[in-house]
Amino acid sequence: FRLPVSSAPGQPKPVVAISLPNGPTLALTVLAVASFYTAAPVAHGSGVGAEQFKSDVLQSQTNLVLAAPADVDRLGLREPWLAEASIEVLLVELSSEMKLQVRDVTGNLRHDSHFWPQPTPNAADDIGIMLFTSGTSGTKKLVPLFTHSLICGAAMVIDSWGLNPSMRC
């Protein structure tokens, strides 16, 4: 899974903000991004507009945004502040073959992904996901979740629930 972002050796992984509705596309996108980059799911839904989106993206120090094609206008994905902050926006959809398709904000399919930098898989001590708190005590904060913690948590759920490969959610 390649995206047009990279980091220098020894530097933190690029942060990829993800604004997608709940469902298979969001799940697959977060999993793919968290495997190689730092995924930062941002608030999404009918109550979230361009200002909240901008605030979340800037707070998370995002390098790239992945969003749904239907949200281009609502989230202001063509606004100049994104280009001024050197943040590229790509639109994500799930193909009939259950593969992520990436388009630019004009809707053109990006066929150049094989030219994008080959990412290094996240190691145990890399931040896989950054989650926003609800902000009930004031400003929303970001909580880093390391790859090791994510894998451990999944393993514990598998074990405690007695899940096996034949089971599906």
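The exercises below, each with a worked solution, deal with a predicted model.

**Exercise 1. Strands 1 and 2**

Task: Determine how strand 1 and strand 2 run relative to one another, parallel or antiparallel, and how many bridges join them.

Solution:
- Step 1. Locate the two elements: strand 1 covers residues 15-19 and strand 2 covers residues 38-41.
- Step 2. Take one position as a check: alanine 17 has alanine 40 of strand 2 as its bridge partner.
- Step 3. The two strands run parallel and are joined by four bridges.
- Step 4. Add the helix: helix 1, residues 24-36, makes a β-α-β unit with strand 1 and strand 2, and this unit is right-handed.

**Exercise 2. Strands 3, 4 and 5**

Task: Find which residue of strand 4 is the bridge partner of alanine 67, then state in which sense strand 4 pairs with strand 3 and how strand 4 and strand 5 run.

Solution:
- Step 1. The bridge partner of alanine 67 is leucine 91 in strand 4.
- Step 2. Strand 3 and strand 4 have four bridges between them and pair in the parallel sense.
- Step 3. Turn to strand 5, where arginine 103 stands opposite leucine 91.
- Step 4. Strand 4 and strand 5 run antiparallel, again with four bridges.
- Step 5. These two strands form a hairpin, with five residues between them. In its turn, methionine 98 has a positive phi of about 60°.

**Exercise 3. A salt bridge between strands**

Task: Identify the residue that forms a salt bridge with glutamate 93, and classify the accessibility of glutamate 93.

Solution:
- Step 1. The partner is arginine 103, and the closest N and O atoms are 3.0 Å apart.
- Step 2. Place both residues: glutamate 93 is in strand 4 (residues 88-94) and arginine 103 is in strand 5 (residues 100-103), so the pair links distant parts of the chain, ten residues apart.
- Step 3. Glutamate 93 has a relative accessible area of 30%, so it is partly exposed.
- Step 4. Arginine 103 is also partly exposed, at 22% relative accessibility.

**Exercise 4. Two further salt bridges**

Task: Is aspartate 71 buried or exposed, and is aspartate 73 buried or exposed? Name the salt-bridge partner of aspartate 71 and that of aspartate 73.

Solution:
- Step 1. Five salt bridges are found in the whole structure.
- Step 2. In one of them, aspartate 71 is bridged to arginine 74, with 2.9 Å between the closest N and O atoms.
- Step 3. Buried means under 20% relative accessible area. Aspartate 71, at 7%, is therefore buried. Arginine 74 is partly exposed at 27%.
- Step 4. Aspartate 73 is bridged to arginine 78, where the closest N and O atoms are 3.2 Å apart.
- Step 5. Exposed means over 50%. Aspartate 73 has 64%, so it is exposed, and arginine 78 is exposed at 52%.

**Exercise 5. The largest nonpolar core**

Task: Establish which element supplies the largest share of the largest nonpolar core.

Solution:
- Step 1. The core has 22 residues, and those touching the most other members are Leu3, Val16, Ile18, Val33 and Leu66.
- Step 2. At least two residues come from each of strand 1, helix 1, strand 3 (64-67), strand 4 and strand 5.
- Step 3. Helix 1 supplies the largest share, six residues.

**Exercise 6. Phenylalanine 1 and phenylalanine 132**

Task: Find how far apart the C-alpha atoms of phenylalanine 1 and valine 33 are, and what lies over the face of phenylalanine 132.

Solution:
- Step 1. Phenylalanine 1 belongs to the segment before strand 1 and is partly exposed at 31% relative accessibility.
- Step 2. Its C-alpha atom is separated from that of valine 33 by 7.6 Å, although the two residues are 32 residues apart along the chain.
- Step 3. Over the face of phenylalanine 132 lies lysine 140, at 4.7 Å from the ring centre.

Technical notes. Residues are numbered from 1 along each chain as its sequence is written. This is a predicted model: local features need pLDDT of at least 70, side-chain atom pairs count only at pLDDT 80 or more; totals for chains, interfaces and linings use all residues. Side-chain values use heavy atoms; hydrogens and water are left out. A charge sits over a ring if NZ of Lys or CZ of Arg is within 6 Å of the ring centre and within 35 degrees of the ring normal. A salt bridge is a side-chain nitrogen of Lys or Arg within 4 Å of a carboxyl oxygen of Asp or Glu. Buried means under 20% relative accessible area, exposed over 50%, partly exposed in between (1.4 Å probe, protein chains only). Two strands pair if DSSP finds at least two bridges between them. A crossover is right-handed if, with the strands pointing away from the viewer, the path from the first strand over the helix to the second runs clockwise. A nonpolar core is a set of buried Ala, Val, Leu, Ile, Met, Phe, Trp, Tyr and Cys residues joined through side-chain atoms within 4.5 Å.
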